[in-house]
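Trainee: Could we walk through this structure together, one question at a time?
Mentor: Gladly, have a look at it first.

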Amino acid sequence: MPENLCGKCGKPAETKCSACKIVYYCCKEHQVEDWKTHKNECKACEVIQADGIGKCLVAKRDLQPGDIIMCETPTVFGPRPHIVEEGPVPCPGCCRLIKAEKSPRCEGCDWPVCHPDCIGLKDPSKHGHECFILRLRTHRALDGLHEYYRQDALFALRCLLLQRRGIKKWMQFLQLESHMEKRGKGTEVYKEYDERVVDYLEDNFLKPLKELEKESKQAILPDMSRETIHHICGIIDVNSLEINQSGEVSALYPTACLMEHNCIPNTVHTFEDELTNYRITVRATLPIKKGARITTMYTHSLWGTQARREHLKETKYFSCACDRCKDPTEMGTYLSALRCLGTESTPCGGTQLPVDPLDDQTEWACDKCNVKVSNAQASYLINQIGDDVDNVQLNSPTVRELDNLLSKLLTFLHPNHYHCFSVKHSLVQLFGYQQGYLPNQISDDQLKRKTKMCREMLDILGRIDPGKSRLCLYTGVVLHELHLSNIIYVKRKWDIGIKKDLLQLLREADKSLIECKEVLKYEVNTMSGEKLHSLIDSSRKEFDRWVTRNKIDLTKDIA
Ligand SMILES: C[S@@+](CC[C@H](N)C(=O)[O-])C[C@H]1O[C@@H](n2cnc3c(N)ncnc32)[C@H](O)[C@@H]1O
């Protein structure tokens, strides 16, 4: 093996730069001295301007899965700005959910908080900065708290206050895309924000602030115009990332916000907790060639093309034309495909696919007969079925209810359609758990069916999320269920002395647990991730114990 040489003095070196993992140094001093030169080549990405997209990021060197592309803290973060009409609201100090009516109040501004000593109340990057403005409204509300303390306006106010944290930060923030050209005066979204956020902030806090400025002859907040607040709301909608940990947080990052969307993204991002102010780390999940775009996913990976494209158009104001959107079969998954009902009473057995998925009014055509369906008909059917699926899924369905629903769906949809996928994903989580289907009750055929569904779902997941960027939890759950299904079957057969074909299943059970751990390696700060990790750990212990007790060597044939 060739020896690694120090990037500064050329002598043998053992420690490499932790960011690029390419250049070696013989000592810390040489690394520090070389930083001025190295920092430009060390960076994994740079910002470019692309036609039809605006600012986006490209790789500055070849990147491998796992390589860190960036690591940064947000310019601003705060309670997620969604309308809360009842139920819990985020504490402005820590964003943990609280019941406004029963909560103590901030001693500065009287907003409902989790605890008067919540650390974020005085922190200048959290509530500490906005409290002085919120206290300008003098009267106290005892009921109607959701209207009085509007959580959805708080993040916009926090962004407005960025101008007090330095002109550079403020100007950099204003550079973010807001799509005001598509959400200006006269649009629904303008009207909604005008009433809910702009009027609210102006009437309650900014007018008194202007009075204060007049009295003190001091400009406290140079720009508090209505246009600027609308611009801020646009920036939040287009760029903010949601963090689901102990609270409901939204954050805006200077560089990570510039990643463009792709329905098959090549990165994964993880957030640290509130102690590091939610620092984000973006890693490559697929090999990325130098000069290639660095992408993320703004919408739901398990929706079909029309649903994803509509969502992106409505919320992010662009029409996606990525490889997955262009392909009528969605990388061979048939996630949006319909069953052709034919012209006669018997279906032809073919599949209806959109002729041009990038055309919002595309016709759908059968791949076997010449029946065509209009887009309006196809959308109507998919939406109706979507409502049926939601109705069943929201009411804790039983195996039988899901099975009935699935049979109905299969009359109209391809078995891989995303509505079928969602039902199957729930079904595999009931087989083995629900009364009547417990491990000692479930039949061999039902187990085989569960295993088959898991394998088919993993095939789909692998095609639409090859980097395991977005569907880690979905994939983790299916892998774990595949493991359980195999192991229940194997133990059952083993106990009655039937050992034929069991090795294959045991190997699959072992492999799926290993893969499951790998898939979930970045799911560490989320509640569902932690829960699944602990389930996998106990399944691993149980599996290893059983294999050892029965003296099975997975690398050899079973005697
Ligand atoms: C989070 S911002 C990304 C940064 C933005 N491009 C800029 O110049 O500030 C999201 C916006 O970028 C553009 N964008 C991102 N991905 C795109 C894509 N795949 N195709 C077209 N536009 C895209 C859209 O205008 C979208 O609303």
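What follows is a set of questions and answers on this predicted model.

Trainee: Let's begin with the whole chain. How many helices and strands does the chain have?
Mentor: The chain has 559 residues, of which 36% are buried. Its C-alpha atoms fill a box of roughly 90 × 75 × 50 Å along the principal axes. The secondary structure comes to 16 helices and 18 strands.

Trainee: Among contacts with a separation of 6 or more, what percentage comes from residues 24 or more positions apart?
Mentor: Take the contacts in the chain with a separation of 6 or more as the whole set. Within that set, pairs of residues 24 or more positions apart account for 62%.

Trainee: How far apart do the C-alpha centres of domain 2 and domain 3 lie?
Mentor: The domain assignment gives domain 1 as 1-42, domain 2 as 76-249 and domain 3 as 435-559. Between the C-alpha centres of domain 2 and domain 3, the distance is 46 Å.

Trainee: Now the ligand. Which element gives the largest share of the shell around the ligand?
Mentor: The shell holds 18 residues, and the closest are Gly 54, Lys 55, Glu 177, Glu 260 and Phe 318. Two or more residues each come from β4 (54-59), α7 (226-239) and β11 (260-261). The largest share is three residues, and the element that gives them is β4.

Trainee: Which class has nine residues in that shell around the ligand?
Mentor: Sorting the shell by class gives four charged residues and five polar ones. The class with nine residues is nonpolar.

Trainee: Back to β4 for a moment. Which residue of β4 is the bridge partner of Val 47?
Mentor: Strand β3, residues 45-50, runs antiparallel to β4, and six bridges join the two. They form a hairpin with three residues between the strands, where Gly 52 takes a positive phi near 75°. In β4, the bridge partner of Val 47 is Leu 57.

Trainee: There is also a sheet of three strands. Which are its edge strands?
Mentor: This open sheet has the order β5-β13-β12, with antiparallel pairing. Each edge strand pairs on one side only, and these strands are β5 (68-72) and β12 (267-271).

Trainee: And which residue of β13 is the bridge partner of Phe 271?
Mentor: Five bridges pair β12 with β13, residues 280-284, in the antiparallel sense. Within β13, the partner of Phe 271 is Ile 280.

Trainee: Is Glu 227 buried or exposed?
Mentor: Glu 227 has its place in helix α7. A residue counts as exposed if 12 or fewer other C-beta atoms lie within 10 Å of its own. Glu 227 has 12 C-beta neighbours inside 10 Å, so it counts as exposed.

Trainee: What is the C-alpha distance in space between Glu 227 and Tyr 522?
Mentor: In sequence, Glu 227 and Tyr 522 are 295 residues apart. In space, C-alpha to C-alpha, the distance between them is 40 Å.

Trainee: One last helix. Why is α12 described as largely enclosed, and which elements do its buried residues pack against?
Mentor: Helix α12 spans residues 418-428, and eight of its 11 residues are buried, so the rest of the structure largely encloses it. Among the buried ones are Tyr 418, His 419, Phe 421 and Lys 424. The elements that the buried residues of α12 pack against are α10 (375-393), α11 (399-412), α13 (444-464) and α14 (472-495).

Technical notes:
Residues are numbered from 1 along each chain as its sequence is written. This is a predicted model: local features need pLDDT of at least 70, side-chain atom pairs count only at pLDDT 80 or more; totals for chains, interfaces and linings use all residues. A residue is near a molecule or strand if its C-beta atom, placed from the backbone, lies within 6 Å of it. Helices (H or I, at least four residues) and strands (E, at least two) are DSSP runs, numbered from the N terminus. Ala, Val, Leu, Ile, Met, Phe, Trp, Tyr, Cys and Pro count as nonpolar, Asp, Glu, Lys and Arg as charged, and the others, Gly among them, as polar. Two strands pair if DSSP finds at least two bridges between them. A residue is buried if 20 or more other C-beta atoms lie within 10 Å of its own, exposed if 12 or fewer, and partly exposed in between; C-beta atoms are placed from the backbone. Two residues are in contact if their C-beta atoms, placed from the backbone, lie within 7 Å. Domain bounds come from an automatic or database domain assignment.
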